[in-house]
Amino acid sequence: MEDRNTLTARSAVLSALLGSHPPRLPSRALVRVGEVFGIAEGTVRVALSRMVAAGDLVQDDGRYELSERLRERQARQDESRSPHTRPWDGTWEIAIVTAERRAPSDRAALRHTMTALRLAELREGTWLRPANLIRRWPEVVTAQCTLVDGRPREDPTALLWDLDGWAAEARRLERALGQAEGLAEGFLVSAAVLRHLLADPLLPAELLPQDWPGARLRARYDDFDRDYRRALQAHLNS
(Lines give C-alpha, C1' and ligand atoms only; values in the text may rest on other atoms or scores of the structure.)
Protein backbone atom coordinates (compact mmCIF):
# COMPACT_ATOMS: atom_id res chain seq x y z
CA MET A 1 0.00 0.00 0.00
CA GLU A 2 1.25 3.46 -0.83
CA ASP A 3 2.40 5.35 2.23
CA ARG A 4 0.61 8.61 2.94
CA ASN A 5 3.94 10.43 3.03
CA THR A 6 4.87 9.30 -0.48
CA LEU A 7 1.50 9.62 -2.22
CA THR A 8 1.97 11.81 -5.27
CA ALA A 9 -0.42 14.47 -6.51
CA ARG A 10 -0.94 12.43 -9.66
CA SER A 11 -1.89 9.32 -7.66
CA ALA A 12 -4.32 11.30 -5.51
CA VAL A 13 -5.98 12.88 -8.56
CA LEU A 14 -6.28 9.58 -10.42
CA SER A 15 -7.68 7.70 -7.44
CA ALA A 16 -10.23 10.44 -6.79
CA LEU A 17 -11.43 10.46 -10.40
CA LEU A 18 -11.43 6.68 -10.78
CA GLY A 19 -13.74 6.51 -7.77
CA SER A 20 -16.12 9.18 -9.09
CA HIS A 21 -19.13 8.52 -11.33
CA PRO A 22 -18.99 10.22 -13.72
CA PRO A 23 -15.19 10.55 -13.48
CA ARG A 24 -15.23 14.35 -13.53
CA LEU A 25 -14.43 16.78 -10.72
CA PRO A 26 -13.77 20.53 -10.46
CA SER A 27 -10.22 21.60 -9.79
CA ARG A 28 -11.13 22.89 -6.32
CA ALA A 29 -12.33 19.41 -5.31
CA LEU A 30 -9.09 17.83 -6.50
CA VAL A 31 -7.13 20.43 -4.57
CA ARG A 32 -9.13 19.48 -1.46
CA VAL A 33 -8.26 15.83 -2.04
CA GLY A 34 -4.59 16.83 -2.12
CA GLU A 35 -5.03 18.63 1.19
CA VAL A 36 -5.95 15.32 2.82
CA PHE A 37 -2.35 14.22 2.22
CA GLY A 38 -0.67 17.55 2.85
CA ILE A 39 -0.07 18.16 -0.87
CA ALA A 40 0.11 21.85 -1.68
CA GLU A 41 -2.43 23.42 -4.02
CA GLY A 42 0.30 24.47 -6.44
CA THR A 43 1.61 20.91 -6.63
CA VAL A 44 -1.85 19.57 -7.44
CA ARG A 45 -2.39 22.17 -10.16
CA VAL A 46 0.99 21.40 -11.74
CA ALA A 47 0.07 17.71 -11.74
CA LEU A 48 -3.27 18.48 -13.39
CA SER A 49 -1.56 20.43 -16.17
CA ARG A 50 0.91 17.64 -16.78
CA MET A 51 -1.82 15.01 -16.83
CA VAL A 52 -3.77 16.99 -19.42
CA ALA A 53 -0.63 17.32 -21.55
CA ALA A 54 0.02 13.57 -21.23
CA GLY A 55 -3.52 12.69 -22.33
CA ASP A 56 -4.57 11.29 -18.95
CA LEU A 57 -7.17 14.00 -18.32
CA VAL A 58 -9.42 16.28 -20.33
CA GLN A 59 -10.07 19.81 -19.07
CA ASP A 60 -13.35 21.57 -19.67
CA ASP A 61 -14.62 24.73 -17.97
CA GLY A 62 -12.62 24.27 -14.78
CA ARG A 63 -13.40 20.57 -14.51
CA TYR A 64 -11.12 17.62 -15.11
CA GLU A 65 -12.23 14.24 -16.33
CA LEU A 66 -10.56 10.98 -17.21
CA SER A 67 -9.49 10.44 -20.80
CA GLU A 68 -11.08 7.61 -22.79
CA ARG A 69 -8.13 5.34 -22.04
CA LEU A 70 -8.51 5.81 -18.30
CA ARG A 71 -12.30 5.49 -18.51
CA GLU A 72 -11.61 1.97 -19.74
CA ARG A 73 -9.56 1.38 -16.61
CA GLN A 74 -12.46 2.66 -14.51
CA ALA A 75 -14.82 0.29 -16.33
CA ARG A 76 -12.51 -2.63 -15.46
CA GLN A 77 -12.40 -1.42 -11.88
CA ASP A 78 -16.19 -1.30 -11.72
CA GLU A 79 -16.38 -4.77 -13.28
CA SER A 80 -14.01 -6.10 -10.64
CA ARG A 81 -16.39 -4.89 -7.93
CA SER A 82 -19.48 -6.41 -9.56
CA PRO A 83 -18.30 -9.02 -12.08
CA HIS A 84 -20.50 -10.29 -14.90
CA THR A 85 -20.27 -14.06 -14.74
CA ARG A 86 -22.24 -17.01 -16.06
CA PRO A 87 -22.59 -20.63 -14.94
CA TRP A 88 -19.52 -22.66 -15.85
CA ASP A 89 -19.85 -25.86 -17.87
CA GLY A 90 -16.20 -26.88 -17.62
CA THR A 91 -15.12 -25.16 -20.85
CA TRP A 92 -11.94 -23.09 -21.00
CA GLU A 93 -11.21 -20.19 -23.31
CA ILE A 94 -7.88 -20.68 -25.07
CA ALA A 95 -6.22 -17.94 -27.12
CA ILE A 96 -3.19 -18.98 -29.15
CA VAL A 97 -1.02 -16.34 -30.80
CA THR A 98 -0.86 -17.17 -34.51
CA ALA A 99 -0.10 -13.77 -36.06
CA GLU A 100 3.36 -13.45 -37.58
CA ARG A 101 5.80 -10.54 -37.53
CA ARG A 102 4.13 -8.67 -34.70
CA ALA A 103 5.50 -5.27 -33.76
CA PRO A 104 6.66 -4.82 -30.15
CA SER A 105 3.74 -2.42 -29.60
CA ASP A 106 1.29 -5.13 -30.76
CA ARG A 107 2.84 -7.65 -28.38
CA ALA A 108 2.62 -5.21 -25.48
CA ALA A 109 -0.98 -4.30 -26.32
CA LEU A 110 -1.97 -7.97 -26.44
CA ARG A 111 -0.34 -8.74 -23.08
CA HIS A 112 -2.05 -5.75 -21.47
CA THR A 113 -5.41 -6.76 -22.92
CA MET A 114 -5.10 -10.41 -21.92
CA THR A 115 -4.32 -9.40 -18.35
CA ALA A 116 -7.32 -7.06 -18.33
CA LEU A 117 -9.48 -9.93 -19.63
CA ARG A 118 -8.17 -12.06 -16.75
CA LEU A 119 -6.50 -14.67 -18.91
CA ALA A 120 -3.23 -16.22 -17.76
CA GLU A 121 -0.29 -17.31 -19.91
CA LEU A 122 0.38 -21.04 -19.70
CA ARG A 123 3.41 -20.67 -21.96
CA GLU A 124 4.53 -17.95 -24.34
CA GLY A 125 1.74 -17.27 -26.80
CA THR A 126 -0.88 -19.50 -25.11
CA TRP A 127 -3.43 -17.82 -22.87
CA LEU A 128 -6.42 -19.39 -21.15
CA ARG A 129 -9.04 -19.21 -18.44
CA PRO A 130 -12.38 -20.82 -17.56
CA ALA A 131 -15.20 -19.63 -19.82
CA ASN A 132 -17.34 -18.14 -17.05
CA LEU A 133 -17.09 -14.40 -17.82
CA ILE A 134 -19.47 -12.40 -19.97
CA ARG A 135 -17.52 -10.09 -22.28
CA ARG A 136 -16.51 -9.57 -25.88
CA TRP A 137 -13.14 -10.29 -27.46
CA PRO A 138 -11.51 -7.00 -28.52
CA GLU A 139 -9.91 -6.63 -31.93
CA VAL A 140 -6.39 -6.58 -30.50
CA VAL A 141 -6.99 -10.23 -29.51
CA THR A 142 -8.83 -11.48 -32.60
CA ALA A 143 -6.21 -9.88 -34.88
CA GLN A 144 -3.33 -11.76 -33.25
CA CYS A 145 -4.84 -14.96 -31.89
CA THR A 146 -6.80 -18.05 -32.83
CA LEU A 147 -9.54 -18.64 -30.25
CA VAL A 148 -10.41 -22.16 -29.14
CA ASP A 149 -12.85 -23.58 -26.60
CA GLY A 150 -11.49 -26.68 -24.86
CA ARG A 151 -11.23 -28.78 -21.71
CA PRO A 152 -7.77 -29.47 -20.27
CA ARG A 153 -7.34 -33.07 -19.15
CA GLU A 154 -5.78 -31.85 -15.91
CA ASP A 155 -6.80 -28.70 -14.05
CA PRO A 156 -4.11 -26.06 -14.81
CA THR A 157 -5.37 -23.54 -12.22
CA ALA A 158 -2.41 -23.94 -9.87
CA LEU A 159 -0.01 -23.25 -12.76
CA LEU A 160 -1.77 -20.05 -13.76
CA TRP A 161 -2.74 -18.20 -10.56
CA ASP A 162 -1.40 -17.83 -7.03
CA LEU A 163 -4.76 -18.26 -5.32
CA ASP A 164 -3.30 -18.64 -1.83
CA GLY A 165 -1.40 -15.37 -2.22
CA TRP A 166 -4.44 -13.50 -3.51
CA ALA A 167 -6.62 -14.83 -0.71
CA ALA A 168 -4.09 -13.91 1.99
CA GLU A 169 -3.87 -10.33 0.73
CA ALA A 170 -7.68 -10.12 0.47
CA ARG A 171 -8.04 -11.13 4.11
CA ARG A 172 -5.41 -8.57 5.13
CA LEU A 173 -7.25 -5.83 3.23
CA GLU A 174 -10.55 -6.85 4.77
CA ARG A 175 -9.02 -6.32 8.20
CA ALA A 176 -7.52 -3.01 7.06
CA LEU A 177 -10.95 -1.76 6.00
CA GLY A 178 -12.20 -2.34 9.52
CA GLN A 179 -9.22 -0.55 11.07
CA ALA A 180 -8.88 2.45 8.73
CA GLU A 181 -9.20 5.80 10.50
CA GLY A 182 -9.49 9.20 8.88
CA LEU A 183 -9.75 10.31 5.28
CA ALA A 184 -6.11 9.73 4.37
CA GLU A 185 -5.89 6.17 5.62
CA GLY A 186 -9.32 5.33 4.22
CA PHE A 187 -8.32 6.72 0.83
CA LEU A 188 -5.21 4.54 0.67
CA VAL A 189 -6.97 1.39 1.85
CA SER A 190 -9.74 1.96 -0.67
CA ALA A 191 -7.26 2.30 -3.53
CA ALA A 192 -5.42 -0.83 -2.40
CA VAL A 193 -8.64 -2.87 -2.34
CA LEU A 194 -9.60 -1.75 -5.83
CA ARG A 195 -6.15 -2.66 -7.17
CA HIS A 196 -6.41 -6.07 -5.56
CA LEU A 197 -9.87 -6.73 -6.97
CA LEU A 198 -8.50 -5.98 -10.44
CA ALA A 199 -6.11 -8.90 -9.89
CA ASP A 200 -8.88 -11.34 -8.93
CA PRO A 201 -8.98 -14.03 -11.66
CA LEU A 202 -12.76 -14.38 -11.10
CA LEU A 203 -12.68 -18.14 -11.34
CA PRO A 204 -15.80 -20.30 -11.05
CA ALA A 205 -16.52 -21.65 -7.60
CA GLU A 206 -15.59 -25.17 -8.73
CA LEU A 207 -11.94 -24.10 -9.08
CA LEU A 208 -11.61 -22.01 -5.92
CA PRO A 209 -10.35 -23.11 -2.50
CA GLN A 210 -12.82 -23.36 0.33
CA ASP A 211 -13.57 -20.11 2.17
CA TRP A 212 -12.52 -18.01 -0.82
CA PRO A 213 -12.63 -14.37 0.40
CA GLY A 214 -13.52 -12.64 -2.88
CA ALA A 215 -17.24 -12.12 -2.32
CA ARG A 216 -16.69 -11.21 1.33
CA LEU A 217 -14.10 -8.57 0.46
CA ARG A 218 -16.43 -7.05 -2.15
CA ALA A 219 -19.33 -6.86 0.29
CA ARG A 220 -17.14 -5.37 3.01
CA TYR A 221 -15.71 -2.84 0.58
CA ASP A 222 -19.16 -1.78 -0.65
CA ASP A 223 -20.17 -0.93 2.92
CA PHE A 224 -16.88 0.86 3.56
CA ASP A 225 -17.03 2.82 0.29
CA ARG A 226 -20.56 4.03 0.96
CA ASP A 227 -19.56 5.53 4.31
CA TYR A 228 -16.22 6.82 3.06
CA ARG A 229 -17.76 8.64 0.08
CA ARG A 230 -20.08 10.50 2.44
CA ALA A 231 -17.17 11.56 4.65
CA LEU A 232 -15.06 12.61 1.66
CA GLN A 233 -17.91 14.61 0.15
CA ALA A 234 -18.39 16.41 3.45
CA HIS A 235 -14.71 17.35 3.37
CA LEU A 236 -14.94 18.57 -0.23
CA ASN A 237 -17.98 20.69 0.64
CA SER A 238 -16.49 22.20 3.80
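Two strands count as paired if DSSP finds at least two bridges between them. Helices here are DSSP runs of H or I with at least four residues, strands are runs of E with at least two, and both are numbered from the N terminus. Hi everyone, with that in hand, let's look at a pair.

Strand β4, residues 92-97, pairs with strand β6, residues 126-130, in the antiparallel sense, over five bridges. Within that pairing, Ile-94 has Leu-128 of β6 as its bridge partner. β4 also pairs with strand β7, residues 145-150, again antiparallel, over six bridges, and there Trp-92 is matched with Gly-150.

A quick word on what we are looking at. This is a predicted model, where local features need pLDDT of at least 70, side-chain atom pairs count only at pLDDT 80 or more, and totals for chains, interfaces and linings use all residues. Residues are numbered from 1 along each chain as its sequence is written, and side-chain values use heavy atoms, leaving out hydrogens and water.

Now to an earlier part of the chain. Three antiparallel strands make an open sheet, in the order β1-β3-β2. β1 (24-26) and β2 (57-60) are the edge strands, each pairing on one side only. β2 and β3 (residues 63-66) share four bridges, and Asp-60 sits opposite Arg-63 in β3.

Two helices lie across these strands. Helix α2, residues 27-36, crosses β1 and β3, at about 85° to β1. Helix α3, residues 41-53, crosses β2 and β3, at about 110° to β2. For these angles, axes are lines fitted to C-alpha atoms, for helices over the stretch in contact, and angles run from 0 to 180 degrees between N-to-C directions. Contact means heavy atoms within 4.5 Å.

Let's stay with α3. Which of its residues are buried? They are Val-44, Ala-47, Leu-48 and Met-51. Seen down the axis of α3, these buried residues fall within an arc of 105°, so they line one face of the helix. That arc is taken from the directions from the helix axis to the C-beta atoms. On the other side of α3, Arg-50 and Ala-53 are exposed. Buried means under 20% relative accessible area, exposed over 50%, and partly exposed in between, using a 1.4 Å probe and protein chains only.

And what do the buried residues of α3 pack against? Their partners are α1 (9-18), α2, β2 and β3. After α3 comes Gly-55, with a positive phi near 85°. Thanks for listening!
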